[in-house]
Amino acid sequence: MAIERVKEYFKQYDMESRIIELTESSATVELAAQALGCEPARIAKSLSFMVNDRPVLVICAGDVKVDNAKYKAKFETKAKMLTAEQAQTLIGHAVGGVCPFGINDGVTVYLDESLKRFTTVFPACGSANSAIELTIPEMEQYSGYVEWVDVCKIREA
């Protein structure tokens, strides 16, 4: 189970006890925000893409969506999200629990600028009912990110 991989990952930093396991689903931004009692924007959602035949994660704020023009300018390709099956196989986590922790080798992680407006954010932890509250410096430290990118825009209401 993917949450066990994430617990094992955080164990090396003595942080596995910070993982929040919820009784209700946190599989969507709205459900996670409701379960955690925070604004939806503070949910750090992990979007999975294929770039040059390699899996990529873009971790962004819960109130944004990919800006296709910015994405294409950065990655020199059209945004092509992974299917649920591909995410499970290539990233190592099922949709609803995708996160940058305890992932498969060969996955490149990017952090989107949309996260920087918050002191702490809540990424998932490998299951559809888990999360962890991390500061932005902790996201940088534990996500294994390669760089900050600006490929998202605020979702229109």
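**View 1. Cys38 and Cys60, two cysteines away from the surface.** Let us start with Cys38, which is buried, with a relative accessible area of 12%. Its sulfur lies 13 Å from the closest cysteine sulfur, the one in Cys125, and that is too far for a bond. Cys60 takes part in no disulfide either, and the nearest cysteine sulfur, in Cys152, is 4.1 Å away. A disulfide needs two cysteine sulfur atoms within 2.5 Å. Like the rest of the structure shown here, this view comes from a predicted model. Cys60 is buried too, at a relative accessible area of 0%. The disulfide count for the model is zero.

**View 2. The open sheet and its strand order.** Here you can follow six strands side by side in an open sheet with mixed pairing. Reading across, the order is β8-β6-β2-β3-β5-β9. At the edges sit β8, residues 134-135, and β9, residues 145-149, and each of these pairs on one side only. Next to the β8 edge, strand β6 covers residues 120-123 and runs antiparallel to β8, with two bridges joining them. To find this pairing by eye, look for Thr120, whose bridge partner in β8 is Thr135.

**View 3. Helix α2 lying across the sheet.** Now turn to α2, the helix made of residues 29-36. This helix lies across two strands, β2 (43-51) and β6. Compared with the direction of β2, helix α2 runs at about 155 degrees.

**View 4. The hairpin of β2 and β3.** These two strands run antiparallel and are joined by eight bridges. Together β2 and β3 make a hairpin, with two residues between them. A handy landmark is Phe49, which stands opposite Val56 in β3. In the turn you will meet Asn52, whose phi is positive, at about 50 degrees, although Asn52 is not a glycine. Asn52 is exposed, with a relative accessible area of 63%.

**View 5. Strand β3 and its neighbour β5.** Strand β3 spans residues 54-61 and is mostly covered, with seven of its eight residues buried. While β3 runs antiparallel to β2, it runs parallel to β5, residues 108-112, and four bridges join β3 to β5. Leu57 is a good place to look for this pairing, as it stands opposite Val109 in β5.

**View 6. Ser48 and the residues around it.** Ser48 belongs to strand β2. With 6% relative accessibility, this serine counts as buried. What does Ser48 touch, not counting residues up to four places away in sequence? Its contacts are Val56, Leu57, Lys80, Met81, Leu82, Ala87 and Ile91.

**View 7. Met81, a loop residue in contact with Ser48.** Met81 lies in the loop between α3 and α4. Is Met81 buried, exposed or partly exposed? Its relative accessible area is 46%, so Met81 is partly exposed. Leaving out residues up to four places away in sequence, Met81 touches Leu47, Ser48, Phe49 and Gln86. Leu57 makes a useful second reference point: the C-alpha atoms of Met81 and Leu57 are separated by 9.7 Å, with the two residues 24 apart along the chain.

**View 8. Glu76 in the loop between α3 and α4.** Follow the chain out of α3 (68-75) and you reach Glu76, in the loop that leads to α4 (84-91). Glu76 has a positive phi near 55 degrees, although it is a residue other than glycine. With a relative accessible area of 69%, Glu76 is exposed.

**View 9. A cluster of aromatic rings.** Ring pairs link Tyr9, Phe10, Tyr13, Phe101 and Tyr142 into a cluster. The aromatic pairs in the model come to ten. How do the rings of Tyr9 and Phe10 meet? Their centres are 5.3 Å apart and their planes stand at 75 degrees, so this pair is edge-to-face. Both Tyr9 and Phe10 are buried.

**View 10. Lys116 over the ring of Trp148.** The last close-up pairs a lysine with a tryptophan. Lys116 lies over the face of Trp148, and its distance from the ring centre is 4.6 Å.

Notes: Residues are numbered from 1 along each chain as its sequence is written. This is a predicted model: local features need pLDDT of at least 70, side-chain atom pairs count only at pLDDT 80 or more; totals for chains, interfaces and linings use all residues. Side-chain values use heavy atoms; hydrogens and water are left out. Rings of Phe, Tyr and Trp (its six-membered ring) pair if their centres lie within 6.5 Å; planes under 30 degrees apart count as stacked, over 60 as edge-to-face and the rest as tilted. Buried means under 20% relative accessible area, exposed over 50%, partly exposed in between (1.4 Å probe, protein chains only). A charge sits over a ring if NZ of Lys or CZ of Arg is within 6 Å of the ring centre and within 35 degrees of the ring normal. Two strands pair if DSSP finds at least two bridges between them. Contact means heavy atoms within 4.5 Å. Axes are lines fitted to C-alpha atoms, for helices over the stretch in contact, and angles run from 0 to 180 degrees between N-to-C directions.
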